[in-house]
Amino acid sequence: NGLRHVDRSKSMLWRTKRDGTMRAVLSDRYMTVNNLWVLQSISKIIPGGLLSHWRGDEDAIYANVLIPDKIRSEKDSDYGGMLSIGNSEIGTRHLSSLPSVFRSICMNGCIWDRTSGIAMRLRHNGQLDYEVIFESMKEHINSQIPILDAGVNQLLSTRNMVWEHGDILPLFAQISQDFKVARHPMAIVIDAYAEEVATSEDSTNTLFGVINAVTRAGQSLGNEIWHSFDVLGGRLSNYGVSEWESLTQRAQFLSSSSIEKALGISL
């Protein structure tokens, strides 16, 4: 059926599994970067790196690599720097590496790619040159590792950003509106917030608790949402005082109907 829509004059790249099952039909310009090569390259660039999360399969890499010598203990948990790694052999993800923060108490990841944290994203097109790609990955990762401590500090600083307007649901509703998060995953975030509050006193009515609720919830959802929630956590962790005040001021004036609509609940 799909062949009816294929321009027979074009050269295409057909990717199949060993049993002949179709993986993808791609442009002949698609540059296939092998997943095994990516993992082997990461192990060379980060000796002793720990695969703290793995959600990949034979087609795509969804993973976090923890940097062992960047782990430090705080009063509620161990924290550390890590990298969120991505790739796909069939065109569903770019080859990517994003700086992130790890929180061991709940295995949370928090991707931050603002300020001095820079994301590496390589599109799969053009001529494949593994040597060039490796050097690009190495340069990028080595430039990120020294600043991972800043990400931990930034996340911990959100413990001082306090919601002082009663029930915290309006804040979650405002975040849902601002970042266009659907009702179902937001319901899981709210449940995760209750777990966070029970786990850490610093989570109660703070941006810190909200961030960790978002990243905790992502772990129980599909790969795309998991990754997007880790990115959302990173964006929230980069909030300064003015951004936090703007968010809370808008949230406290939300109507009951707006909160119910955003979160899919009855007040």
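This report describes a negative surface patch and a largely enclosed helix in a predicted model.

In this predicted model, local features need pLDDT of at least 70 and side-chain atom pairs count only at pLDDT 80 or more, while totals for chains, interfaces and linings use all residues. Residues are numbered from 1 along each chain as its sequence is written, and side-chain values use heavy atoms, without hydrogens and water.

**Negative patch**

Asp129, Glu131, Glu135 and Glu139 form a negative surface patch (residues with over 30% relative accessible area and no salt bridge, like charges being joined within 9 Å; a salt bridge is a side-chain nitrogen of Lys or Arg within 4 Å of a carboxyl oxygen of Asp or Glu). Two of its members are set out below.

| Residue | Location | Relative accessible area |
|---|---|---|
| Glu131 | helix H2 (residues 130-144) | 63%, exposed |
| Asp129 | loop between strand E9 (120-122) and H2 | 38%, partly exposed |

Exposed means over 50% relative accessible area, buried under 20%, and partly exposed in between, with a 1.4 Å probe and protein chains only. Helices (H or I, at least four residues) and strands (E, at least two) are DSSP runs, numbered from the N terminus. The C-alpha atom of Asp129 is separated by 9.3 Å from that of Val33, 96 residues apart along the chain.

**Helix H4**

Helix H4 (residues 169-179) is largely enclosed by the rest of the structure because eight of its 11 residues are buried. Among them are Leu169, Leu171, Phe172 and Ile175. The buried residues of H4 pack against helices H5 (183-199), H6 (207-218), H7 (223-237), H8 (241-252) and H9 (256-263), where contact means heavy atoms within 4.5 Å. Lys180, which follows H4, has a positive phi near 55°.

Key: Patches are made of residues with over 30% relative accessible area and no salt bridge: like charges are joined within 9 Å, nonpolar side chains (Val, Leu, Ile, Met, Phe, Trp, Tyr) within 5 Å. Accessible areas come from the Shrake-Rupley method with a 1.4 Å probe; for residues, only the protein chains shown count as cover. Lys and Arg count as positive and Asp and Glu as negative; His and the chain ends are not counted. The place of a charge is taken as NZ of Lys, CZ of Arg, CG of Asp or CD of Glu.
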